[in-house]
Amino acid sequence: MKLCLLLLGVAATFFWVYHDSNEPAKAGLSVLDAAVLGIVEGLTEYLPVSSTGHLLFAQELLGLTDTQLAKSAADSYAIIIQFGAILAVAGLYRNRVRQIVCGIAGKDKGGLKIATNIVLAFLPAALAGLVFHSHIKEYLFGPWTIIAAWAAGGILLLIWRSGSTPLSEDFTLESITFRHALLIGLFQCVALWPGMSRSLATIVGGVIVGLPLAVAVEFSFLLGGLTLSAASFYELAANGHAVLQIYDPEIAALGLFFSLVSAAISIKWLVSYLKQRDMTVFGYYRIVLAIAAGAYLLI
C-alpha cells in the first residue's frame, strides 16, 4: 500500500509540474511518456502477460514510433528500461541474491547450485537469441504477431490451468536439478516470440517439469534477473549511445524509476495472488487483450 501511494504521489507530482509544458525532449520522449512506459514495463514484466507486447502497443499509442529513427529508439528503450524491474527483484529477493553471491564466492553450497542452475537455464534462450536476433526483430516484432502470441498464451493457460503435480511439497529452490534447469531454459526459448511472455514460459515450464508453483515463480524471477540483465546490457552497448542522442538522459532515467517501483508492486501482488489461486485469470486477460488490440488495429 505504501508503494502504491508513493507511485501515485510521484506520478501526480510530475504530471502537475509538466502538464502545461509537457513538450517532448529532443525527439519526443516526454516526462509523461517515460512514466507511462516505466509503469507498463514494471507492472507487466513478471506477470505472464508479456511486457514486450504491452510496451510496443504503448509506444504506438503514445506516438513514439512515427519515424523509423523514433521507432528504433523506442524499441531499444523498451529493453533498456528493464533495468528498473531487475533492481526490484534484487531488492525484494536480496537474501536469496546474497546467498547466490556467497555461493559464487565459494561460501554457500546451496547458493552455488542455484547460481549454476540459473546460468544453465539462461543459456538456451541466450544462444537462440544471438543466432536469431535479426530474424526475430524483422519477422516477429509486429502488432499481429504479438496479438497471435497473446491469444496463444491465453489459450495455453486456460487449457493448462493449475498444471502438473509437483514432485514434492517439500521441494525447494535448492532441490532443482541441472536437468530441471535446462528444461526450463528450453521453455524460455518460446518467449523469444514477442507477446508470449518470458514469465509465462518459465513458470509453466517449471511446473510442467515438476516444481511447485511457488518454487517455479521464484526461479522464474531469479532467472529473469540474469536474462533481462543480459538483454539490457546488450542493447545498451549496441544502441545506448543512439538512444541518449534522441532521448534526454534525465527523462529516460525517470522511466527506470517508475519501472522499479511498479515492478516491486507487481511482484509482491503476484506472489500473494498465486498462494491462493492459479493463473487462469491471466489466460482470460490475454485473450481479451488480443481481441481488443485486434479490433483497435482493424478500426
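**Exercise 1. Burial and surface**

Task: State what share of the 299 residues of the protein count as buried, and what supplies the exposed area.

Solution: This is a predicted model. Start with burial: 50% of the 299 residues count as buried. Then turn to the surface. The protein exposes about 14,500 Å². Carbon and sulfur atoms supply 68% of that area.

**Exercise 2. The fold in outline**

Task: Count the helices and strands of the protein, then find how much of its contacts join residues 24 or more positions apart.

Solution: Count the elements. There are 13 helices and zero strands. Read from the N terminus, the order is α-α-α-α-α-α-α-α-α-α-α-α-α. Now take the contacts with a separation of 6 or more. Residues 24 or more positions apart account for 81% of these.

**Exercise 3. Checking helix α12**

Task: Test whether the span of helix α12 agrees with 1.5 Å a residue, and name the residue that caps its N-terminal end.

Solution: Helix α12 covers residues 249-274, which is 26 residues. The expected span is 1.5 Å times one less than the number of residues. That gives 38 Å for α12. The end C-alpha atoms lie 37 Å apart, so the two values agree. Next, look at the N-terminal end. Asp 248 caps α12 there. A side-chain oxygen of Asp 248 lies 2.9 Å from the backbone nitrogen of Glu 250.

**Exercise 4. Cysteines**

Task: Give the number of disulfides, and classify Cys 102 and Cys 189 as buried, partly exposed or exposed.

Solution: A disulfide needs two cysteine sulfur atoms within 2.5 Å. By this rule the count is zero. For exposure, buried means under 20% relative accessible area, and exposed means over 50%. Cys 102 has 30%, so Cys 102 is partly exposed. Cys 189 has 23%, so Cys 189 is partly exposed.

Notes
Residues numbered from 1 in each chain as written. Predicted model: local features only at pLDDT ≥ 70, side-chain atom pairs only at ≥ 80, totals over all residues. Heavy atoms only, no water. Buried < 20%, exposed > 50% of the residue type's maximum accessible area, 1.4 Å probe, protein only. Helix = DSSP H or I, 4+ residues; strand = E, 2+ residues; numbered from the N terminus. Polar contact = N/O pair within 3.5 Å; in protein donor to acceptor, adjacent residues only side chain to side chain. Contact = heavy atoms within 4.5 Å. Areas by Shrake-Rupley, 256 points an atom, 1.4 Å probe, with all protein chains shown as cover.
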